Amino acid sequence: MTVKGPSGWRKLTAAVSTLSLKAHPALFAVIMGTGSVSNLLHVFPYGKGSNGLMIASLAFFFLNLILFCIFFFLALAKYVMHPDRWKAVIDSPVTSPYLGTFPMGLTTLLNVAVDVINIHFEFGGKGFLYFIWVVWWLDVIISALCCWVGVHAMMINQKHSLDTMSARWLLPVVTLIVASSSGGVLAPAIQKYSTYHCLITTVASVFLVAVGLTLALMVLTIYFARLIIHNIPPGHGVLSVFLPLGPTGQAGFAILLQGLTFKTILPYSHSGSSEFLGSSTVGDFLYLACISIAFILWSLATMWMIFQQDPSTSMVYNQYGDGDSFDPWGTLLLREEDRRSGSYTRVFFLNLGLYVMFVGVSVARLIRFSWIKIICNPGESLFLGTFNVGALTLIDVALRMN
């Protein structure tokens with residue numbers, strides 16, 4: 001008697017089920033990084049707007065879109081086939097913050113779709129732009145859920161203590177700030193079709209950045225107390241000391257974009273009896289206010305950068321002095337919002353400080369330990385190429401400052 005093996009469909013289902021179990025929420029951080037590459041190719045200063053760079057930007061966009069779809073369906077399969085995993089993720093104080101990388105990764109796709117596909121290549125026109133607008137509202141809803149549900153879960157379902165607290169607490173609330181900055185990119189593009197929709201998008205973006213920044217400043221206050229009482233986070237968590245630069249810098253960029261939009265759409269022609277929207281001076285006032293707030297947030301980000309640089313240098317050397325792998329070069333990045341706002345000086349000195357710090361740590365490790373051991377380490381040798389990438393970033397920013 002012949003015993004039939006499992007059918008092809010069952011084998012496929014079993015394979016998908018096994019693979020989906022490995023779908024960690026942090027996978028969508030890959031989407032954030034790949035999307036940034038596509039953005040950088042679009043705004044690259046040498047040969048800007050050339051067919052080569054635009055095609056390369058599109059290539060990374062579609063690569064990012066494919067990765068996003070793969071990770072999304074794996075995550076969907078995971079929580080459909082294993083519903084208990086959803087509660088486990090929500091209850092985990094380590095994993096749940098990374099749920100916010102999903103909407104933040106999606107915003108990188110939206111930004112490229114607006115700037116490169118719709119505006120540069122003039123694809124889709126009004127219909128495609130409004131499709132992006134609808135997806136952005138969906139991203140806003142998901143970001144709000146990540147923020148409020150995530151913070152609620154941290155209060156009710158999870159156990160935390162001050163000594164184990166890290167800057168990962170910022171991830172759920174930063175989703176609102178990132179969605180707000182994406183709205184700032186989308187609003188000027190949609191203005192030529194509807195000033196009303198542009199106004200709605202800008203007002204919603206202001207609400208998002210106000211809520212996200214308020215929560216982020218609360219978390220930063222707690223995190224500052226944690227650093228004073230319990231020192232820098234141990235292990236790979238040492239790099240989390242630079243996460244506070246995200247909400248402060250990103251919020252400043254979002255508010256700056258919204259100030260620029262308010263300046264162009266106010267006074268609103270259909271303001272009716274509203275003295276606020278119909279005033280000829282409100283637009284300029286909001287623009288100046290937004291610039292002032294953005295400068296304050298830039299100053300706050302600079303403060304965090306200065307505070308963390310020296311302590312993290314000594315901590316990295318002390319904890320990784322035994323030759324364990326430490327790959328910091330990928331943190332030397334020039335972000336899309338810094339290119340847009342022209343804040344090259346801040347980016348240059350921030351990256352220069354990080355670069356010098358990491359070079360010092362790496363040289364000390366090469367002197368103390370055999371460089372052959374580092375090259376033969378599969379977990380570290382793959383990142384050796386990021387050394388020159390960080391150097392090229394500094395050169396690029398220095399040329400832009402010139």
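User: Which helices each supply at least two residues of the lining of the second largest pocket?

Analyst: Keep in mind that this is a predicted model. To read a pocket, start with who builds its wall. Here α3 (51–81), α4 (84–91), α5 (101–120) and α6 (125–156) each put in at least two lining residues.

User: Which of them gives the most to that lining?

Analyst: That's α6, with 7 residues. The second largest pocket has 26 lining residues altogether, and those nearest its centre are Trp86, Leu99, Phe102, Ile142 and Cys146. Its volume comes to about 580 Å³.

User: How does the lining of the second largest pocket divide by class?

Analyst: A class count tells you what sort of residues face the space. In this case 21 are nonpolar and 5 polar, with no charged residues in the lining.

User: Okay, on to helix pairs. At roughly what angle do the axes of α5 and α6 cross?

Analyst: For a pair, look at the axis distance and the angle together. The α5 and α6 axes come within 10 Å of each other, crossing at roughly 165°. Angles over 145 degrees count as roughly antiparallel, so α5 and α6 get that label. As for the hand, α5 and α6 make a left-handed crossing.

User: Which residues make that contact?

Analyst: From α5 you have Phe102, Pro103, Leu106, Thr107, Leu110, Ala113, Val114, Ile117 and Asn118. On the α6 side, the set includes Phe128, Trp136, Asp139, Ile142 and Cys146. By class, the α5 and α6 contact has 14 nonpolar residues, 4 polar and 1 charged. You've already met a few of these names: Phe102, Ile142 and Cys146 are among the residues nearest the centre of the second largest pocket.

User: What sits in the loop between α5 and α6 with an unusual backbone label?

Analyst: Check the sign of phi there. Glu122, in the loop between α5 and α6, has a positive phi of about 55°, though it isn't a glycine.

User: Now α9. Is α8 roughly parallel or antiparallel to α9?

Analyst: Same recipe, angle first. Helix α8 (residues 195–230) and helix α9 (residues 245–265) have axes that come within 10 Å and cross at roughly 155°. That makes the two roughly antiparallel. The crossing of α8 with α9 is left-handed. Among the α8 residues in the contact are Cys198, Leu199, Val206, Val209 and Leu213, and on α9 they include Ala251, Ala254, Ile255 and Phe262. The α8 and α9 contact has 13 nonpolar and 6 polar residues, and no charged ones.

User: And how do α7 and α9 cross?

Analyst: The axes of helix α7 (residues 171–191) and α9 come within 9 Å, and the angle is roughly 25°. Under 35 degrees counts as roughly parallel, so α7 is roughly parallel to α9. The α7 and α9 crossing is left-handed. On α7, the contact includes Val174, Ile177, Val178, Gly184 and Pro188, while α9 brings in residues including Gln250, Phe253, Ala254 and Leu257. This contact of α7 with α9 splits into 12 nonpolar and 8 polar, with no charged residues.

User: Last one: which residues does a cis peptide bond join?

Analyst: For cis bonds, go by omega. The bond between Leu266 and Pro267 is cis, with omega about 5°. Pro267 belongs to the loop between α9 and α10 (275–278).

Methods. Residues numbered from 1 in each chain as written. Predicted model: local features only at pLDDT ≥ 70, side-chain atom pairs only at ≥ 80, totals over all residues. Heavy atoms only, no water. 1 Å grid on protein atoms, 1.4 Å probe; cavity = no way out; pocket = protein on both sides within 12 Å on 5 of 7 lines; lining within 4 Å. Points joined across faces, edges and corners; volume = space filled by probe spheres on them. Helix = DSSP H or I, 4+ residues; strand = E, 2+ residues; numbered from the N terminus. Nonpolar A, V, L, I, M, F, W, Y, C, P; charged D, E, K, R; others polar. Axes fitted to C-alpha atoms, helices over the stretch in contact; angles between N-to-C directions. Parallel < 35°, antiparallel > 145°, perpendicular 65-115°, else oblique. Left-handed = near helix turned anticlockwise from the far one by under 90°. Contact = heavy atoms within 4.5 Å.
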